Amino acid sequence: MTSPRKHLVKDFNHFITCYVCKGYLIKPTTVTECLHTFCKSCIIQHFEDSNDCPKCGIQVHETNPREMLRLDNTLEEIIFKLVPGLREKQQQEIEFWRSRKWKENGEDGPRSKRSRLDDDDDGGGGGDGDYHRSDPQIAICLDCLRNSSLVGENVVKGLMKKFIRCSTRVTVGTIKKFLSLKLKLPSSYELDVLCNGEIMGKDHTMEFIYMTRWRLRGETAYPMVLEYRPRIDFG
C-alpha cells in the first residue's frame, strides 16, 4: 500500500497568494462579481483609482466597487494553518508600526501593505490614524461646475470618480485639499465649494451642510451633491 503523497506549501501558492502584491494573502478579500481574492489592503488601494478587477478586468461597480468586497475568514484560517508563523509575523508588523508612531507623514507608519490593515480594523480611539472611520458616514457627489467663460489655466477638470464616502465631520477645507490633490492643482490655486448654488465656508462640516443647506434630504436624494469651481475674484 502506497503512502499518501505529501504536498509542499508551494503547491498551493496559486490559491493563497495575492495577484497584486504576489505575497501571501493578508485579510483575504473576495470580489463578489468575479470571485477573485486579494489582500484586503491591496484591493482597497486598487479601487482608489479603478472600478475594475485587477485580475480579470471586469467592472466591479460603476461608482463604489468597495461595496462588492467580502472578507474570506475561512481562507484566512487555511492560510494560517498552511504557513506556520504567518499570523504571528503579521501581528508583529502591525505592533511595530504602531509603536514607531511615524509622524513624518502624519501617519502611524508607512503605507505599506501590512500597516494599512489598521485603517479598517481599528474601530476607535486611534487618533488621526483611523481617519474618523468610526464616525457616521455620508455619500457625496463632487461635481465640477463648468463655466464657459473660463479659459486656459482657469479651467478645472472633473474627477474621474466623483462619488466619495467620508465622515460627517469632514470640513469643506478638507474637501478642497482632496480636490487639489486629485486634480493636481498648484498650491496657489483657490477653489470654491458650493451647495445649491451657495458658497460653503471652509469650516462647515458635511453634517452641517446636509442638515442646513441640502434641500433634497431623504433616501431618494442620496448622495448629497457638492459643486466646485475656480474661485471667482469680484474685486
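This report covers the sheets, two helices and selected residues of a predicted model.

## The five-strand sheet

One open sheet has five strands in the order S5-S4-S8-S6-S7. Its pairing is mixed. The edges are S5 and S7 (198-199), and each of these strands pairs on one side only.

Strand S4 spans residues 137-144. Six of its eight residues are buried, so the strand is mostly covered. S4 has two partners in the sheet order, S5 and S8.

Take the S5 side. S4 and S5 (residues 163-167) run antiparallel and are joined by five bridges. Ile-140 stands opposite Ile-164 in S5. Cys-141 stands opposite Phe-163 in S5.

Now the S8 side. Five bridges also link S4 to S8 (residues 224-230), but here the strands run parallel. Leu-142 has Leu-226 in S8 as its bridge partner. Strands of a sheet pair through backbone hydrogen bonds, in either a parallel or an antiparallel manner.

Strand S6 (residues 191-195) holds Asp-192. Is Asp-192 buried or exposed? Its relative accessible area is 5%, so Asp-192 counts as buried. The cut-off for that label is under 20%. The side chain of Asp-192 still has a polar partner: it makes a polar contact with the side chain of Arg-231, at 3.1 Å.

## The three-strand sheet

A second open sheet has the strand order S2-S1-S3, with antiparallel pairing. S2 (37-39) and S3 (69-71) are the edge strands, each pairing on one side only. On average, neighbouring strands of this sheet are turned by 35° against each other, direction ignored.

S1 covers residues 28-31. Three bridges join S1 to S3, and the two strands run antiparallel. Within this pairing, Thr-29 stands opposite Leu-71 in S3.

## Two helices with a buried side

Helix H3 takes in residues 73-82. Which residues of H3 are buried? They are Leu-75, Glu-76, Ile-79 and Phe-80. These residues cover an arc of only 140° around the axis, and therefore lie on the same side of H3. Thr-74 and Lys-81 are exposed on the other side of H3. An α-helix has 3.6 residues a turn, so residues three or four places apart point the same way.

The N-terminal end of H3 is capped by Asp-72. A side-chain oxygen of Asp-72 lies 3.3 Å from the backbone nitrogen of Thr-74.

Helix H6 spans residues 172-182. Its buried residues are Val-172, Gly-173, Ile-175, Lys-176 and Leu-179. Their arc around the axis is only 160°, which puts them on the same side of H6. The face turned away from that buried side carries the exposed residues Lys-177 and Leu-181. Lysine thus appears in both groups: Lys-176 is listed as buried, whereas Lys-177 is exposed.

## Loop residues with positive phi

Two loop residues other than glycine have a positive phi. The table sets out Lys-22 and Leu-35.

| Residue | Loop | Phi | Relative accessible area |
|---|---|---|---|
| Lys-22 | between H1 (13-16) and S1 | near 70° | 59%, exposed |
| Leu-35 | between S1 and S2 | about 65° | 63%, exposed |

What value marks a residue as exposed? The cut-off is over 50% relative accessible area. Lys-22 is exposed because its relative accessible area is 59%. Leu-35 has 63%, so Leu-35 is exposed as well.

Lys-22 also takes part in a charge-over-ring arrangement. Its charged end sits over the ring of Tyr-19, 4.4 Å from the ring centre.

How many aromatic pairs does the structure hold? The number is zero. A pair of aromatic rings would be described by the distance of the centres and the angle of the planes.

## A link across the sequence

Arg-87 lies in helix H4 (residues 86-100). Its relative accessibility is 40%, so Arg-87 counts as partly exposed. Arg-87 and Ile-26 are 61 residues apart in sequence. In space, their C-alpha atoms are 9.3 Å apart.

Terms used. Residues numbered from 1 in each chain as written. Predicted model: local features only at pLDDT ≥ 70, side-chain atom pairs only at ≥ 80, totals over all residues. Heavy atoms only, no water. Buried < 20%, exposed > 50% of the residue type's maximum accessible area, 1.4 Å probe, protein only. Helix = DSSP H or I, 4+ residues; strand = E, 2+ residues; numbered from the N terminus. Pairing = 2+ DSSP bridges. Phe/Tyr/Trp six-rings, centres within 6.5 Å; stacked < 30°, edge-to-face > 60°. Lys NZ or Arg CZ within 6 Å of the ring centre and 35° of its normal. Polar contact = N/O pair within 3.5 Å; in protein donor to acceptor, adjacent residues only side chain to side chain. Axes fitted to C-alpha atoms, helices over the stretch in contact; angles between N-to-C directions. Arc of directions from axis to C-beta.
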